[in-house]
Amino acid sequence: RVVRADGSIAFPPGDPWHGEQCQRLRAEGVVVQGGRVRGQRAAASLDEQIWGP
C-alpha cells in the first residue's frame with residue numbers, strides 16, 4: 001500500500017488505484033476516512049528503535 005507521511009492515500013481520488021488501496025487497507029483492519037489513514041502511528045525510526053523515544 002502507498003500512504004503519504006500525512007496519512008493520505010498516494011493516488012488521487014478518482015484514480016482506480018485510490019479505491020483499490022483503500023479496500024486493501026480496510027481488509028487489513030486499517031481505518032480509512034476521507035482518503036486518509038486514521039488512528040495509526042507511524043513506525044518508529046531507526047534512532048527510536050535503538051535509543052528509545
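**F11 and its surroundings**

I began with the contacts of F11, leaving aside residues up to four places away in sequence: F11 touches V2, W17, H18 and Q21. The model is a predicted one, and I read every value below with that in mind.

F11 lies in the segment before α1. I looked up its accessibility and got 24% relative accessibility, so F11 counts as partly exposed. The cut-off for buried is under 20%, so the 24% of F11 does not qualify.

I then took the C-alpha to C-alpha distance from F11 to G35. The two are 24 residues apart in sequence and 9.3 Å apart in space. G35 is not among the contacts I listed for F11, but G35 does turn up in the contacts of H18.

**Aromatic pairs**

I searched the whole structure for aromatic pairs and found one. F11 and W17 form that pair, with 6.5 Å centre to centre and 35° between the planes, and the pair is tilted. I checked why the pair is not called stacked: stacked planes are under 30 degrees apart, and the angle here is 35°. W17 has 46% relative accessibility and therefore counts as partly exposed. F11, at 24%, is also partly exposed.

**H18**

Next I looked at H18, which is one of the residues touched by F11. H18 has its place in helix α1. Is H18 buried or exposed? Its relative accessible area is 12%, so H18 is buried. With residues up to four places away in sequence left out, H18 touches I9, F11, P12, P13 and G35.

**S8 and D6**

I moved back along the chain to S8, which lies in the segment before α1. S8 has 9% relative accessibility and therefore counts as buried. The contacts of S8, again without residues up to four places away in sequence, are V2, V3, G35 and R36. G35 is thus touched by S8 and by H18. V2 is touched by S8 and by F11.

I also noted a polar contact of 2.7 Å between the side chain of S8 and the side chain of D6. D6 has a relative accessible area of 45%, so D6 is partly exposed.

**Salt bridges**

How many salt bridges does the structure hold? I counted two.

One joins the side chains of D6 and R36, at 3.6 Å from N to O. This pair links distant parts of the chain: D6 sits in the segment before α1 (16–27) and R36 in strand β2 (residues 36–38), 30 residues apart. R36 counts as partly exposed because its relative accessibility is 31%. I note that D6 meets S8 in the polar contact, and that S8 in turn touches R36.

The side chains of R24 and E20 meet in the other salt bridge, at 2.7 Å from N to O. R24 and E20 are four residues apart in helix α1, so about one helical turn separates them. R24 has a relative accessible area of 37% and is therefore partly exposed. E20, at 27% relative accessibility, counts as partly exposed too.

**Surface patch**

I looked for nonpolar surface and recorded a patch of about 420 Å² made by L46, I50 and W51. L46 has its place in helix α2 (residues 46–51). L46 shows 58% relative accessibility and so counts as exposed. The cut-off for exposed is over 50%, which is why L46 falls in that class.

**Whole chain**

Last, I took the totals. The protein has two helices and two strands, and the elements run α-β-β-α from the N terminus on. Of its 53 residues, 23% count as buried; S8 and H18 are among the buried residues.

The accessible surface of the protein comes to about 4,100 Å². Carbon and sulfur atoms account for 52% of this surface.

What share of the contacts with a separation of 6 or more comes from residues 24 or more positions apart? I found 27%.

Conventions. Residues numbered from 1 in each chain as written. Predicted model: local features only at pLDDT ≥ 70, side-chain atom pairs only at ≥ 80, totals over all residues. Heavy atoms only, no water. Buried < 20%, exposed > 50% of the residue type's maximum accessible area, 1.4 Å probe, protein only. Contact = heavy atoms within 4.5 Å. Areas by Shrake-Rupley, 256 points an atom, 1.4 Å probe, with all protein chains shown as cover. Patch = residues over 30% accessible without salt bridge, like charges linked within 9 Å, V, L, I, M, F, W, Y side chains within 5 Å. Salt bridge = Lys/Arg side-chain N within 4 Å of Asp/Glu carboxyl O. Polar contact = N/O pair within 3.5 Å; in protein donor to acceptor, adjacent residues only side chain to side chain. Phe/Tyr/Trp six-rings, centres within 6.5 Å; stacked < 30°, edge-to-face > 60°.
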